[in-house]
Amino acid sequence: MNRRPRPLAAPCALFAASLAFLLCAQPAHAARIFIDPGHGSIITPGGGVDPGAVAKDSAGTVIAKEKDLALQIAQRLATELGKRGHEVQLYRTGDVTATPVDRMTWLGASDPADSATWQRSETITKGDSLQARCDEANASGADLFISVHLNAADATSATGYETWLTAEDRLGALLASYVQREVIASTPFRDRGTKTEQFYVIRWSHMPAILAECGFISNPTDRAYVTSASGQSTLARAMADGVDAFLASEPYRQLWPRISGTTRYGTAAALSLDGWPTGARTVLLATGENWPDALASAPLSHKLDAPLLLSTPSTLPTDTAEELARLAPDNIVVLGGTGAVSDAVVTAAASAAGVAPRDVRRIAGANRYETAALIATEVGVPTDGRVAVVGGESPADAVSISAYAGANSIPILLTETTRLSTATADFKAANASTWRSTLIIGGTAVVPDAVVSALPSRRRIAGPDRYATNAAVLQQLHTAAGLHYVANGEAYPDCLTAGVRGAKSAGAVMLVQPRTLGNYQRLYIENHETRVRAIRMVGGTRVLPIIHEWMIDKALR
Ligand SMILES: [Zn+2]
């Protein structure tokens, strides 16, 4: 049986709207909560179901399994939290076959870049089943993780309720203290307190996480309580009270400076102000609606010491106009043709900046490959002979290299998947004597070996997806301590402008998923805490939620 976790419908959906309003008005601090009923994983092949702790009677007959009680309590907790307006996801609603996971993650590989291969499990081991819970929780975008377990001991006298947390998890510790307090106040459990341990699921779920040991099934009194409907209900309400008390303390505070505007245009302007507080002689201007024209812009920005601002094709946004006025440049370089940035926008930009129309020029090829090659020609090949090549069909790999390439004056060229783009081949021919080594960013699916086989001295930096590639770039290239600009890897304008800002300060761009860290970003942070000295969040909280700051905080400690 392969039951996939599914979000619980809010119970109030069953009621009429007016009743729903009364019963299920959103609490002031609604959260997304992931609940993991412990154990119950089917280990393949032939391993059976992990029951967790098992209680037997004097005849040796099994009378209770941890996996079943944990599920019952977890389901009651999920229902209770749902009633209170929280969005809840349960990992399992029965026994479950875990999804295969990336083994390098759960093996705790010291560095994503240290292994040539990434592999998925073909059979499910206990390690896989635990990482699968974390992966599910991380993908869910939850603000909180609660794992529900029951204790057991050889001595039947052992009793009580305890809450576990990991030492690195500041908010997990806070949540644990609230939950423990409410449970002890409302139930007959003996108080065993909160405790610290690197239990797998609370360690590798990125968000604040606790693991509750809800009494001892080896103790007759505890067992009677947790097997009774009234005991389970009281316990679930008490745990939910703990969650609500935690949330009411407004724990998700901002941890690092955030560079953002209300739109992508405003965020680009904010990055410009942050990097060029006293103005700039040159400004780059590209469309904010698509990414290809600005993909290779970071090295040009660095060469010209020019911030990158964005426009819509037909109207100059107010944020951009105001930033142009503040920067007071002598000239503007437009990246892309009139379809991307119209002449009307150019006129408006010149007027806002106070420059004459002749001081605005365009760099525009017939396609993204040509535009990148034109920019590369202007940047030139640096004295160390390095050139970066990325696939031109998606932006993430170019974003990942942008800050490093920019700071090191390495031009970024694009290639097609089926052949080396003509513009890149022409650039190679024109720079044959100076182009001595090639940084290839991205896997062979986007930049096949055969396509780049003629390029000099190739070094490929890649992972199985854009986030792993980004982590590999961080790990292999950003080897000194520096600023890390954290941006949503799906929000292209923000991560492109972040790359330009990173190039200005020899910083790095760390891409995160819309609601979570990638596992490799987590490993990078944990393995390189001294490099990640300073963090800047790029983009508003709608694009890059505060929870990301707490996930990074948990990884950093
Ligand atoms: Zn357990």
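**Exercise 1.** In this predicted model, determine whether T438 is buried or exposed.

*Solution.* Begin with the count of neighbours: 20 other C-beta atoms lie within 10 Å of T438. A residue qualifies as buried at 20 or more such atoms. T438 is therefore buried.

**Exercise 2.** Locate T438 among the strands and identify its contacts beyond four places in sequence.

*Solution.* T438 belongs to strand 19, residues 437–441. Once neighbours within four places in sequence are set aside, its contacts are V387, V389, V452, L455, P456, S457 and R458. Take R458 from that list: it is separated from T438 by 20 residues in sequence, yet the C-alpha atoms of the two are 4.7 Å apart.

**Exercise 3.** Test whether the length of helix 5 agrees with a rise of 1.5 Å a residue, and state which of its residues are buried.

*Solution.* Helix 5 covers residues 170–186, which is 17 residues. The expected span is 1.5 Å times one less than the number of residues, so helix 5 should span 24 Å. Its end C-alpha atoms are 25 Å apart, in agreement with that value. The buried residues of helix 5 are L171, G172, L175, A176, Y178, V179, Q180, E182 and V183.

**Exercise 4.** Describe how helix 2 packs against helix 8.

*Solution.* The axes of helix 2 (residues 66–83) and helix 8 (residues 229–248) are 8 Å apart and meet at an angle of about 50°. This angle makes helix 2 oblique to helix 8. The crossing is right-handed. Residues making the contact include I73, R76 and L77 of helix 2 and L235, A236 and M239 of helix 8. By class, the contact comprises eight nonpolar, three polar and three charged residues.

Technical notes: Residues are numbered from 1 along each chain as its sequence is written. This is a predicted model: local features need pLDDT of at least 70, side-chain atom pairs count only at pLDDT 80 or more; totals for chains, interfaces and linings use all residues. Helices (H or I, at least four residues) and strands (E, at least two) are DSSP runs, numbered from the N terminus. A residue is buried if 20 or more other C-beta atoms lie within 10 Å of its own, exposed if 12 or fewer, and partly exposed in between; C-beta atoms are placed from the backbone. Two residues are in contact if their C-beta atoms, placed from the backbone, lie within 7 Å. Axes are lines fitted to C-alpha atoms, for helices over the stretch in contact, and angles run from 0 to 180 degrees between N-to-C directions. Angles under 35 degrees count as roughly parallel, over 145 as roughly antiparallel, 65 to 115 as roughly perpendicular and the rest as oblique. A crossing is left-handed if the near helix is turned anticlockwise from the far one by less than a right angle, and right-handed if clockwise. Ala, Val, Leu, Ile, Met, Phe, Trp, Tyr, Cys and Pro count as nonpolar, Asp, Glu, Lys and Arg as charged, and the others, Gly among them, as polar.
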